[in-house]
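Visitor: I'm new to reading protein models. Could you walk me through this one?

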Amino acid sequence: MTDPRPTIRLDKWLWHARFFKSRSIAAGVVTGGKVRVDRQPVSKPARAVGPGDVLTFIQASETRVVRILACGERRGPAPEAQALYEDLTPVVEKRPYNPGGDRKGRPTKKDRRDMMTHRENRDPFDLE
């Protein structure tokens, strides 16, 4: 006879694997419809998951894709939690945040004078 596949509640597994600080936060994410199990949207935290299932969920501002390797017995230290899953998240090259772009910061006094002379020499009725 074959043994039944070991399963665990989805919110409990997300908490065991240390993706969320508390089980209630994990349950809230699942209830909010932000988790998929094998590409199927899930809205119940009690959904049973086990080894082989692929989870897709949003954590902070990034989308995570993980394959469950084990259910886990407890919420242990980080190395133990990392052994519960295989990370399939695609690597995205992060660009540094630079809202100014190629500007070099605040204009100098000389730059401001040049802008003022450029405005004064402009014909106010010229539409171009």
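Guide: Let's go through some questions on rings, strands and a pocket, keeping in mind that this is a predicted model.

Visitor: How many aromatic pairs does a search of the whole structure find?

Guide: A pair of aromatic rings is described by the distance of the centres and the angle of the planes. Here, rings count as a pair if their centres lie within 6.5 Å. Searching the whole structure that way, the number of aromatic pairs comes to five.

Visitor: What kind of pair do Trp13 and Phe19 form?

Guide: Their centres are 6.0 Å apart, with 35 degrees between the planes. Planes under 30 degrees apart count as stacked and over 60 as edge-to-face, with the rest called tilted. With its 35 degrees, the Trp13 and Phe19 pair is tilted.

Visitor: And what about Trp13 and Tyr85, which kind of pair is that?

Guide: This time the centres are 6.3 Å apart and the planes make 80 degrees. An angle over 60 gets its own label. So by that cut-off, the Trp13 and Tyr85 pair is edge-to-face.

Visitor: How many residues apart are Trp13 and Tyr85?

Guide: Trp13 sits in helix H1, residues 10-16. Tyr85 belongs to strand S7, residues 85-87, so the pair links distant parts of the chain. Both Trp13 and Tyr85 are buried. Along the chain, their separation is 72 residues.

Visitor: Which strands stand at the edges of the open sheet?

Guide: The sheet has five strands with antiparallel pairing, in the order S3-S2-S5-S6-S7. An edge strand here has a single partner strand, so one of its sides is left without a neighbour in the sheet. That description fits S3 (40-42) and S7.

Visitor: In S6, which residue is the bridge partner of Thr56?

Guide: Strand S5 covers residues 54-59 and strand S6 covers residues 62-68. The two run antiparallel and are joined by six bridges. In S6, the bridge partner of Thr56 is Val65.

Visitor: Is Glu62 buried, exposed or partly exposed?

Guide: Glu62 is placed in strand S6, and it is among the residues lining the largest pocket. Its relative accessibility is 37%. Buried means under 20% and exposed means over 50%. That's why Glu62 counts as partly exposed.

Visitor: What volume does the largest pocket have?

Guide: Its lining includes Glu62 and Thr89, which are 27 residues apart in sequence and 9.4 Å apart in space, C-alpha to C-alpha. By class, the lining has three nonpolar, three polar and two charged residues. The volume of the largest pocket is about 180 Å³.

Methods:
Residues numbered from 1 in each chain as written. Predicted model: local features only at pLDDT ≥ 70, side-chain atom pairs only at ≥ 80, totals over all residues. Heavy atoms only, no water. Helix = DSSP H or I, 4+ residues; strand = E, 2+ residues; numbered from the N terminus. Buried < 20%, exposed > 50% of the residue type's maximum accessible area, 1.4 Å probe, protein only. 1 Å grid on protein atoms, 1.4 Å probe; cavity = no way out; pocket = protein on both sides within 12 Å on 5 of 7 lines; lining within 4 Å. Points joined across faces, edges and corners; volume = space filled by probe spheres on them. Nonpolar A, V, L, I, M, F, W, Y, C, P; charged D, E, K, R; others polar. Pairing = 2+ DSSP bridges.
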